[in-house]
Amino acid sequence: MFQFTRLAATSVVGGFTMVVGKNDLLKPLTLHASDNKEPCYVGDVIKKRVGFPQPTACCKPLRFKDFIVSYDSKNRIPNWVYEHLQYDKLFKDDPCDRRVKVERTLCASNEDKERPKFTPDCRIHGYHRADAKDYCDTEYEMGLMAQPENYPYDQESFCECFTMTNIVPQVPGFNCGPWFDLECYIREKLVRENKGVYVCSGPLFLPIVDDDKTVKQFDVLGDGEVSVPTHFFKVIVIETHDGQLELESYMMPNATPEEGEEVKLEDFLTPLCQIEHHSGLIFFPEKKCFSSNNRRRGARLHAL
């Protein structure tokens, strides 16, 4: 038979005191940090002494009344803008409904009543804040990710769409082509026929091949250095009246539509995995189960 001798000992290991006492030889050892010792891990030391660098707004989405924005402080444009559209917000059938449609003049600039007032977002640090002046003397238009037409009876939400954190540079005519058709399709068909529609819109920067090199090229506007995306995406989740979730996702180049060219929305249906690859986003990390409306291509948009 073996006999264990009871021992009590102390030793110092890497700034910690290790205590071994009676009946402790067969128990896990406990490490006790010295009371006056500084943090040992380099990350803890840096965090305590100087802190970590952080993007503007601490990476937290910016809340508006009816939509939410994730802002890209480096490119001075949103990463994405998310909306939840419902029939009652866009349309009214009750003759007793006294809501009145919002006029754009209620959000007009003081200098020009024909133009909306684009407002800088004061929640963003001045170093990273886009301004309407950045678009002056450029060929680009100020494109809205969340459209005021989605909030026709709510003046606050309508006017919030003209906040600069919702604005992205678009080439002239882009918003009059397939992108406009897609927005109308969402409002006039998907919202009318379903319980609700979740719409996530945002910019993309796709590479091109130039002189046998794959590069990313894009314009930068004004003193604010606002980046001009090469493409845009919309990821749409449709909630049907029986509670099912259906998915459609689109990607379009930031280009002027060719005059007379007949383009179908189906031509821009894009597998979600491609949008995730180019955006650096994972849209449904909890692996929600969707059926795909991309039936014409015969494949699921998102491999779950």
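**Asn-175, Ser-249 and the nonpolar cores**

Good morning. Asn-175 has a relative accessibility of 24%, and so it counts as partly exposed. Please keep in mind that the structure before you is a predicted model.

Where does Asn-175 lie? This residue is found in the loop between β8 and α4. Leaving out residues up to four places away in sequence, Asn-175 touches Gln-147, Gln-170, Phe-180 and Glu-183. An unreviewed UniProt entry lists Asn-175 under "binding site"; such annotations may be inferred rather than shown by experiment.

I turn now to the interior. The largest nonpolar core has 50 residues, and those touching the most other members are Phe-67, Leu-182, Ile-186, Ile-236 and Tyr-250. Several elements each supply at least two residues of this core, among them strands β5 (67-72), β14 (231-239) and β15 (245-253), together with helix α4 (178-193). Which element gives the most to this core? That is α4, with six residues.

Let us take Ile-236 as an example. Apart from neighbours within four places in sequence, Ile-236 is in contact with Leu-182, Ile-186, Leu-190, Val-197, Tyr-198, Glu-246, Leu-247, Glu-248 and Tyr-250. There is also a second, separate core of 14 residues, including Trp-80, Leu-272, Leu-281 and Phe-284. In soluble globular proteins, nonpolar side chains tend to be buried together.

Finally, consider Ser-249, in strand β15. Is Ser-249 buried or exposed? Its relative accessible area is 0%, and therefore Ser-249 is buried. A polar atom of the Ser-249 side chain lies 2.5 Å from the backbone oxygen of Thr-270.

Thank you for your attention.

Terms used: Residues are numbered from 1 along each chain as its sequence is written. This is a predicted model: local features need pLDDT of at least 70, side-chain atom pairs count only at pLDDT 80 or more; totals for chains, interfaces and linings use all residues. Side-chain values use heavy atoms; hydrogens and water are left out. A nonpolar core is a set of buried Ala, Val, Leu, Ile, Met, Phe, Trp, Tyr and Cys residues joined through side-chain atoms within 4.5 Å. Buried means under 20% relative accessible area, exposed over 50%, partly exposed in between (1.4 Å probe, protein chains only). Helices (H or I, at least four residues) and strands (E, at least two) are DSSP runs, numbered from the N terminus. Contact means heavy atoms within 4.5 Å. A polar contact is a pair of N or O atoms within 3.5 Å; within protein, one must be able to donate a hydrogen and the other to accept it, and residues adjacent in sequence count only if both atoms are side-chain atoms.
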